[in-house]
Amino acid sequence: MANKASFVADDFAQALFPRTDVVFNDRMRSNAQQYLRNVIGQIEKRICLIATQDLGVSQEKLVAIAQGGNGQSFGLLKHSGLLKTAEIVQHLFVRTQQSELAARLLQKISQEDLELTLTRHLDHDDPAVADAAMGLLVAQSKTTGAAGEVAASLADLPPEIVYAFAWPVTAALARLSGLSGLQLQQATERLLTAHDESAGVARKAERLAQLLEQSKTEKDPFPHPMRDGLPLFGARLARKSGLTSDQIVAFTAEPNMVRFVVTMRAADFPVADALSIFAALDGGDQMLTAATYGETDQDRSSALVSSWASPHAYQNAERILGSDFLGDQGA
């Protein structure tokens, strides 16, 4: 208790003095915890399966986890700080915001109509487009849980995120099982080597977006979440803007979705489309007006989006070098 209590002031300060204006509601916090527990459970089970079935480890606790028993890594890692890396937290934020957007969208369109956004591509004249649409449908079905459930699939995790999760879980399993850790490390190496994100929703959506753009037969040149569904909408807007789908999702969490609006303006979305998209994704009583959108300078918007598309490490370095922190050192 004394060790944990030493962090109370840090937790309280973070709650009192947030560094952004983004609001994290109770549902987002709950969804993030649920998703985090789900991902760790899947990685934990997969490592135990490889260790017990492929490497012949017969430790009782690992066998139980591999066979579907409740794991304990999450409880061990929760307060350790090992899950608070920038990569993991950013990933959690994006996935949680995706769930938030999905909840908002279902207030405006039924689940049945949302599913039709992809099935309309199954009869496409180009077989490649039809196959890609089916692939995306299958991938989405694996990450769709019961109402209110934030499902997770390892295929949807980028390799760097699997890596960030896998090693803390491996260390937790070693402590829980009492093993030296070498065989568990070998199991984790196999998991990382075999990981393939090409079957995940994000990659399938990117593939379909690329094919639709190449086909030149898409009747709706500007994507819309109520016509495309969220994954395909994000992938199509990413192609138009040069940003990533994760960036676009993150922009929708910001006050008034300002950077999201700038992105649409840079991509030259018609006023009616931009206003409709904003209304579909907004979670409050905010409203984008035609005047506000029209007065947003497109050239300036394009320059901003171009800067946001730069590698994150470059943007961070540029921000630090341009800050007052350096004083006159750069002169």
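This briefing covers the cores, one helix, selected loop sites, a surface patch and the salt bridges of the structure above. The model is predicted. The largest nonpolar core has 34 residues, and another core, of 33 residues, lies apart from it. The structure also holds eleven salt bridges.

**Nonpolar cores**

- Within the 34-residue core, Ile 43, Ile 47, Phe 165 and Leu 173 touch the most other members.
- Six helices each supply at least two residues of this core: H3 (26-54), H4 (60-66), H5 (73-77), H6 (86-105), H9 (159-177) and H10 (182-194).
- Helix H3 gives the most, with ten residues.
- Ile 47 shows how the packing looks from one residue. Not counting residues up to four places away in sequence, Ile 47 touches Ala 166, Val 169, Thr 170 and Leu 173. The list of its contacts continues with Leu 184, Ala 187, Thr 188 and Leu 191.
- Apart from this core lies the one of 33 residues. Among its members are Ala 238, Phe 260, Val 262 and Tyr 293.

**Helix H8**

- Helix H8 spans residues 127-141. It has 15 residues and reaches 21 Å from its first C-alpha to its last. That is close to the 21 Å expected at 1.5 Å a residue.
- The buried residues of H8 are Val 129, Ala 130, Ala 132, Ala 133, Gly 135, Leu 136 and Ala 139.
- The cover over these buried residues includes helix H7 (111-119), helix H11 (201-215) and helix H13 (230-241).

**Ser 153, between H8 and H9**

- Ser 153 sits in the loop between H8 and H9.
- Ser 153 is buried, at 17% relative accessible area; the cut-off for buried is under 20%.
- Leaving aside neighbours within four places in sequence, Ser 153 is in contact with Gln 42, Lys 142 and Thr 143.

**Leu 16 and a surface patch**

- Leu 16 belongs to helix H2, residues 8-16.
- Leu 16 counts as partly exposed, at 47% relative accessibility.
- Phe 12, Leu 16 and Phe 17 make a nonpolar surface patch of about 370 Å².
- Leu 16 and Leu 154 are 138 residues apart in sequence. In space, their C-alpha atoms are 35 Å apart.

**Positive phi in the H14-H15 loop**

- Most residues other than glycine have a negative phi.
- Asn 256 has a positive phi of about 60°, although it is not a glycine. Asn 256 is found in the loop between helix H14 (245-251) and helix H15 (258-266).
- Met 257 also has a positive phi, near 50°, and is a residue other than glycine. Met 257 is found in the loop between H14 and H15.
- Accessibility separates the two sites. Asn 256 is partly exposed, with a relative accessible area of 41%. Met 257 counts as buried, at 3%.

**Salt bridges**

- Side chains of opposite charge can pair when their charged atoms come close. Three of the pairs are described here.
- Arg 29 and Asp 26: the closest N and O atoms are 3.3 Å apart. These residues are three apart in helix H3, so about one helical turn separates them. Residues three or four places apart in an α-helix point the same way, because the helix has 3.6 residues a turn. Arg 29 is partly exposed at 48% relative accessibility, and Asp 26 is exposed at 62%.
- Asp 228 and Arg 120: these side chains meet in a salt bridge at 3.2 Å, N to O. The pair links distant parts of the chain, 108 residues apart. Asp 228 is in helix H12 (residues 225-228), and Arg 120 is in the loop between H7 and H8. Asp 228 is buried, with a relative accessible area of 2%, whereas Arg 120 is partly exposed at 38%.
- Asp 268 and Arg 265: these side chains meet in a salt bridge at 4.0 Å, N to O. Asp 268 is partly exposed, with a relative accessible area of 41%. Arg 265 counts as buried, at 14%.
- Salt bridges that share partners join Arg 120, Asp 228 and Arg 236 into one network.

Technical notes:
Residues are numbered from 1 along each chain as its sequence is written. This is a predicted model: local features need pLDDT of at least 70, side-chain atom pairs count only at pLDDT 80 or more; totals for chains, interfaces and linings use all residues. Side-chain values use heavy atoms; hydrogens and water are left out. A nonpolar core is a set of buried Ala, Val, Leu, Ile, Met, Phe, Trp, Tyr and Cys residues joined through side-chain atoms within 4.5 Å. Buried means under 20% relative accessible area, exposed over 50%, partly exposed in between (1.4 Å probe, protein chains only). Helices (H or I, at least four residues) and strands (E, at least two) are DSSP runs, numbered from the N terminus. Contact means heavy atoms within 4.5 Å. Patches are made of residues with over 30% relative accessible area and no salt bridge: like charges are joined within 9 Å, nonpolar side chains (Val, Leu, Ile, Met, Phe, Trp, Tyr) within 5 Å. Accessible areas come from the Shrake-Rupley method with a 1.4 Å probe; for residues, only the protein chains shown count as cover. The expected span of a helix is 1.5 Å times one less than its number of residues.
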